[in-house]
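The exercises below are meant to be worked through with the sequence and the three-dimensional structure at hand. Each task is followed by a solution that proceeds step by step.

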Amino acid sequence: EAVNPQEYTAVKSKLLEWGPNAPKDIQQAVGGKTVYLVAATLRPETMYGQTNMFVGTNLDYGLYEANDSELWLVTDRAARNMAFQGIFDKPEGEYKKVASLKGDEVVGSKVEPAFGIVKEVYVLPMDGVLATKGTGVVTSVPSDSPDDYRTLMDLRKKAEHYKIQPEWAAVDPIPVLSTPKYGEMSAPTLVTELKIQSQKDTKQLAEAKELAYKEGFYNGVMTIGDFKGLTVQEAKPKVRDQMIAANVAVAYAE
Ligand code: A2H
C-alpha cells in the first residue's frame, strides 16, 4: 500500500440536523460553522445514488477545522493525513479538533449528500467500517456496492436490534449505471445471486464487490447525471473533477 497509494475522492455531505444521540453540548462546540461528514470513496461516479451514510458505532471521530467556516467529521487518523496533504486551510501538518464523538452519537443525523439525487439522508451504523481506512465515514450506494446494499437490508430487517428508526433506512437503491451482466442494480442482483444473507458474510461480499466493480468499470454505462451515456471509465474522472470544482469533494490519498 505504501508503494501504491489509493487515490480516494473525499466527498462532503452537509450536516442538516444532529440525531437523537448527539452530545448535548455539540452546538456550542460547532459555533456558527457548517459541519460536513466526509466520506472516502473509490466510486465518485456513483454519488448520484447515495441513500444514507455509514459510520462504525464504536469508532472515535472528531470535528476538525477545515477552514474558517467548515468543520469536518472524520477520524483523527484521517484528519492527520489531510493536514499533511495540505487539505486544510492551515500550515502543513497542523489540525485542530473542536469536539470528539463516538460513531453511535452520529447515527440518526440527517445530511445532504454531495451530488445525491436524494437531498436528505440519514447516518446509519455499519459493522465493517474500519478505523484504519479512509475517513471512517462511508457513503452508501446500495445500487452498486454489495456491502452497502446488504447492510441496508440488514438494518431494515432488524431496526430495533441496530437501534435505528426504520424511516432512517427508507431510501431505496437508486440506479446510476447499467451493465450487460447485472442490469441497473448490480449490488442487489449479486447479493441475491450469491445468496448473501448478512453483512457479516464478508467472504462472499468480497467476491460480489469484485464482480460488481469489474463489470461496472469495464462494461458500465452511466444512466444519470451530466455524463449519462458515457462509459463508467470515462465518467469516473469527470464526475470527480466536477465535484472538486464545486468544492464538495477533495482528492485524498493514503
Ligand atoms: B466505496 P478499498 Cl458504489 N471501512 O464507495 C470500510 N469500507 C470503507 C471505508 C472504511 N473505513 N472507507 C471507505 N470504504 C468503502 C462507494 C462504493 C465503494 C461503491 C462500490 C464499491 C465500493 C459507495 N460506498 O468499494 O479497500 C468505500 O465504498 C468497493 C471497493 O480502499 C470505498 O469506495 O478498496 C471503498 O470501501 C474503499 O475500499
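Helices and strands here are DSSP runs, numbered from the N terminus, a helix having at least four residues and a strand at least two. The model to which these exercises refer is a predicted one.

**Exercise 1. Determine which residues of helix α2 are buried, how they are arranged about its axis, and what covers them.**

Step 1. Helix α2 comprises residues 76-84, and its buried residues are A78, A79 and M82.

Step 2. Viewed down the axis of α2, these buried residues fall within an arc of 100 degrees, and they therefore line one face of the helix.

Step 3. Among the elements covering the buried residues of α2 are the strands β4 (60-65), β5 (70-74), β6 (97-102) and β12 (249-253).

Step 4. Continuing just past the end of α2, one comes to G86, which takes a positive phi of about 70 degrees.

**Exercise 2. Establish how strand β2 is paired and what it gives to the largest nonpolar core.**

Step 1. Begin with burial: seven of the eight residues of β2 are buried, so that the strand is mostly covered.

Step 2. Strand β1 (residues 7-17) runs antiparallel to β2 and is joined to it by six bridges, with T9 standing opposite T41 in β2.

Step 3. Strand β5, by contrast, runs parallel to β2 and is joined to it by four bridges, and here T34 stands opposite E70 in β5.

Step 4. The largest nonpolar core has 70 residues, and those with the most contacts inside it are L37, V38, M53, L73 and L124. It is β2 that gives the most to this core, with six residues.

Step 5. For L124, once neighbours within four places in sequence are left aside, the contacts are N52, M53, F54, V107, L155, I164, W168 and A169.

Step 6. As background, nonpolar side chains tend to be buried together in soluble globular proteins.

**Exercise 3. Decide whether P146 is buried or exposed, and trace what surrounds P146 and helix α5.**

Step 1. P146 is found in helix α4, which spans residues 146-157.

Step 2. The cut-off for a buried residue is 20 or more other C-beta atoms within 10 Å of its own; because P146 has 28 such neighbours inside 10 Å, P146 counts as buried.

Step 3. Leaving aside neighbours within four places in sequence, P146 is in contact with A187, L190, V191, I196, L205, A208, K209 and A212.

Step 4. Turning to α5 (residues 186-193), six of its eight residues are buried, namely S186, A187, P188, T189, L190 and V191. The elements that cover these buried residues include α4 and α6.

Step 5. After α5 comes K195, whose phi is positive, near 55 degrees.

**Exercise 4. Describe the shell around the ligand by its residues, its elements and its residue classes.**

Step 1. The ligand is surrounded by 21 residues, of which T41, G134, V141, D144 and S145 are the closest.

Step 2. At least two residues of this shell are supplied by each of β2 (34-41), β9 (137-140) and α6 (202-219), and β9 gives the most, with three residues.

Step 3. Sorted by class, the residues of the shell comprise seven nonpolar, nine polar and five charged.

Note on methods: Residues numbered from 1 in each chain as written. Predicted model: local features only at pLDDT ≥ 70, side-chain atom pairs only at ≥ 80, totals over all residues. Near = placed C-beta within 6 Å. Nonpolar A, V, L, I, M, F, W, Y, C, P; charged D, E, K, R; others polar. Buried ≥ 20, exposed ≤ 12 C-beta atoms within 10 Å, placed from the backbone. Arc of directions from axis to C-beta. Contact = placed C-beta atoms within 7 Å. Core = buried A, V, L, I, M, F, W, Y, C linked by C-beta atoms within 7 Å. Pairing = 2+ DSSP bridges.
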